[in-house]
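Student: I should like a close look at a single helix of this protein, with its ends and its setting in the chain. Please give the account as one connected answer.

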Amino acid sequence: MQDHGAARLERLDPKLSLTLRDHVHKALRMAILSGRFAPQEKLNERQLAEELGVSTTPLKEALRQLETEGLISTLPRRGIVVLYSRTWAEEMILARAALESMIAHLAARRIDKAGGAALHATIASMAEASAAGDAGRLIELNGVFHEQIHIASQCLYLARLIERQRFYDEGTRRIIHSDPDERARALAEHKLIAETIAAGQVEAAERAMRDHVVRSGEHYLGLVFTERAGAAAED
């Protein structure tokens, strides 16, 4: 991967369909999740606004939203600092693994033939996107796949809990799916998840989902935080 610490943020086009605040928020959130900023690093609002090519108004609004997500914090006499760290990310991975595995468990118990067919159809589309090297399409289908499992599970409470993980899931997928080998591993794991859920294999589905989330999460940690530690050691 590239040196995230040295990379500049991409300038934004204010005419894009989302509000400017939304684009600023999305760009900064992705920068944090990809390791662009070190844990406890102080953010310079004026510098960020200049890099993004926006005024400080949408930037401040985006920063407030990031603070509600727990990624940054405003501290007395220090200003805005990044809270996101390896420990924080590890906890997010374990939380997602626990929630998604329980949802897969319930999906395997409750799925019908139509739901199973939908999962297999999505897997076929994911295989095509993976073969074509279309990471963007694969990320989109990944979200569809997990949403189909959530629907099949008929969960209410767990679905609300997992909603808080969505921003993390999207960000990490964009990082790890840039690797062709990772795309192949993830496709094989998704196939196993789909097969076990469609077949009503409750324990196998739960285990397959947990193993997938933990393994892909560890790959993400290695890409973002191990590389950062190595770069810091070289400095």
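Tutor: A polar contact is a pair of N or O atoms within 3.5 Å; within protein, one atom must be able to donate a hydrogen and the other to accept it. That definition is needed for the start of helix H9, in what is a predicted model. Asp 179 caps the N-terminal end of H9, with one of its side-chain oxygens 3.0 Å from the backbone nitrogen of Asp 181.

The helix itself covers residues 180-198. Its 19 residues, at 1.5 Å a residue, should span 27 Å, and the C-alpha atoms at its ends are 27 Å apart, so expectation and model agree. The buried residues of H9 include Ala 186, Leu 187, Ile 193, Ala 194 and Ile 197. Charged or polar side chains also appear in that buried set: Glu 182, Arg 183, Glu 189, His 190 and Thr 196 belong to it. Just after the helix, Gly 200 adopts a positive phi of about 75°.

Helix H2, residues 45-52, offers a parallel case. At its N-terminal end the cap is Asn 44, which places a side-chain oxygen 3.1 Å from the backbone nitrogen of Arg 46. A glycine again comes after the helix: Gly 53 follows H2 and has a positive phi, near 75°. Within H2, the buried residues are Leu 48, Ala 49, Glu 51 and Leu 52. Viewed down the axis of H2, these buried residues fall within an arc of 160°, and therefore line one face of the helix. Arg 46 and Glu 50, on the other side of H2, are exposed. Helix H1 (20-33) and helix H3 (56-68) are among the elements that cover the buried residues of H2.

As for the setting, the protein chain holds 10 helices and two strands, in the order α-α-α-β-β-α-α-α-α-α-α-α along the sequence. The two strands, S1 (residues 72-75) and S2 (residues 79-82), run antiparallel and are joined by four bridges. In this pairing, Ser 73 of S1 stands opposite Val 81 in S2. Three residues lie between the strands of the hairpin, where Arg 77 takes a positive phi near 65°.

Over the whole chain of 235 residues, 46% count as buried. Among contacts between residues at least 6 apart in sequence, 76% join residues at least 24 apart. The accessible surface of the chain comes to about 12100 Å², and 52% of that area belongs to carbon and sulfur atoms.

Key. Residues numbered from 1 in each chain as written. Predicted model: local features only at pLDDT ≥ 70, side-chain atom pairs only at ≥ 80, totals over all residues. Heavy atoms only, no water. Buried < 20%, exposed > 50% of the residue type's maximum accessible area, 1.4 Å probe, protein only. Arc of directions from axis to C-beta. Contact = heavy atoms within 4.5 Å. Areas by Shrake-Rupley, 256 points an atom, 1.4 Å probe, with all protein chains shown as cover. Expected span 1.5 Å × (residues − 1). Pairing = 2+ DSSP bridges.
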